[in-house]
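Dear colleague,

I am passing on the structure we spoke about, and it is shown just below. My notes on its rings and on one arginine follow after that.

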Amino acid sequence: MRLGEKQVLTVVKKVDFGVYLGTDEERVLLPKKQVPEGIEPGDPVEVFLYKDSSDRMIATTHEPKITLGGLAVLDVADVGRIGAFLDWGLEKDLLLPYKEQTVKVEKGDRCLVSLYIDKSGRLCATMKISQMLRTDSPYQKDDTVHGTVYGVSREYGVFVAVDNKYSARIPQKDVYGKMYPGQEIEARVAGVKADGKLDLSLRRRIPEQMDADAERIMERIEKNGGELGFTDKADPDRIREEFGMSKAAFKRAVGRLLKEGRIKIDNKKGKILHS
């Protein structure tokens with residue numbers, strides 16, 4: 001009998017409170033409310049095995065949102081003294097111990113986790129999943145991908161599980177705005193490393209991104225009554241804070257708008273003006 005996995009077991013005995021599955025030597029209870037109608041000894045039943053609140057192995061016909069060694073994004077149902085409790089589709093919530101959290105989670109958060117068996121033989125969740133991610137993705141440069149953030153580092157950037165199974169990272173220099181574990185993102189593949197890991201960018205290819213950036217700048221100018229209080233000579237940090245883009249991207253977009261005659265620059269006042 002394999003804890004944390006779906007498997008087909010045989011009914012060996014019917015009792016008032018359910019049926020026992022397995023063999024005469026090793027058996028597990030399937031509670032009465034989950035017993036399929038008309039079931040008899042000798043019949044096969046597909047179940048998932050976990051432990052109840054009394055730490056006893058028990059079977060369920062309910063579908064868990066995650067199985068042993070798998071990865072899934074789960075909702076934090078509650079937080080207690082020993083960790084957080086995740087909704088994984090079964091009656092008893094799944095424990096995410098504090099020591100297995102890469103960042104502290106709160107009720108209502110979502111997090112990408114894997115399921116493992118701890119030293120005491122219980123099923124638990126962990127947010128430390130980097131070694132479980134694959135490096136054989138089918139994606140190439142400039143493909144659009146979807147993934148879940150599972151780690152944030154000020155030094156290395158944002159770590160992402162593409163399709164919740166492939167290893168990827170947004171380098172720190174390309175991170176704009178606040179990002180957090182459990183966040184679902186759409187990104188562009190900026191490159192594929194020799195080891196198969198993906199480098200991602202939240203920005204599109206330069207020609208398309210330039211169009212989008214230019215429109216963003218125009219919207220801000222119009223909203224501000226026809227002017228922007230700084231030019232492309234502004235400090236990179238200010239540009240990043242105001243628009244979530246690099247100084248180089250800002251200059252490209254401003255250049256596009258100047259060429260189209262939609263703006264003009266007043267260098268004396270340090271402003272960009274609507275033409």
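A charge is taken to sit over a ring if NZ of Lys or CZ of Arg is within 6 Å of the ring centre and within 35 degrees of the ring normal. By that rule Arg27 lies over the face of Tyr20, at 5.6 Å from the ring centre, and Arg220 lies over the face of Phe243, at 4.6 Å from the ring centre.

Please note that this is a predicted model, in which local features need pLDDT of at least 70 and side-chain atom pairs count only at pLDDT 80 or more, while totals for chains, interfaces and linings use all residues. Residues are numbered from 1 along each chain as its sequence is written, and side-chain values use heavy atoms, with hydrogens and water left out.

The structure holds 9 aromatic pairs (rings of Phe, Tyr and Trp, the last by its six-membered ring, with centres within 6.5 Å; planes under 30 degrees apart are stacked, over 60 edge-to-face, the rest tilted). One of them is the edge-to-face pair of Phe48 and Trp88, with 5.7 Å centre to centre and 80 degrees between the planes. Both Phe48 and Trp88 are buried (under 20% relative accessible area with a 1.4 Å probe, protein chains only; exposed is over 50%, partly exposed in between). Together with Tyr50, these two residues form one aromatic cluster.

Phe230 and Phe243 also form an edge-to-face pair, at 6.2 Å centre to centre and 65 degrees between the planes. Phe230 counts as buried because its relative accessibility is 4%, and Phe243 counts as buried because its value is 2%.

With kind regards
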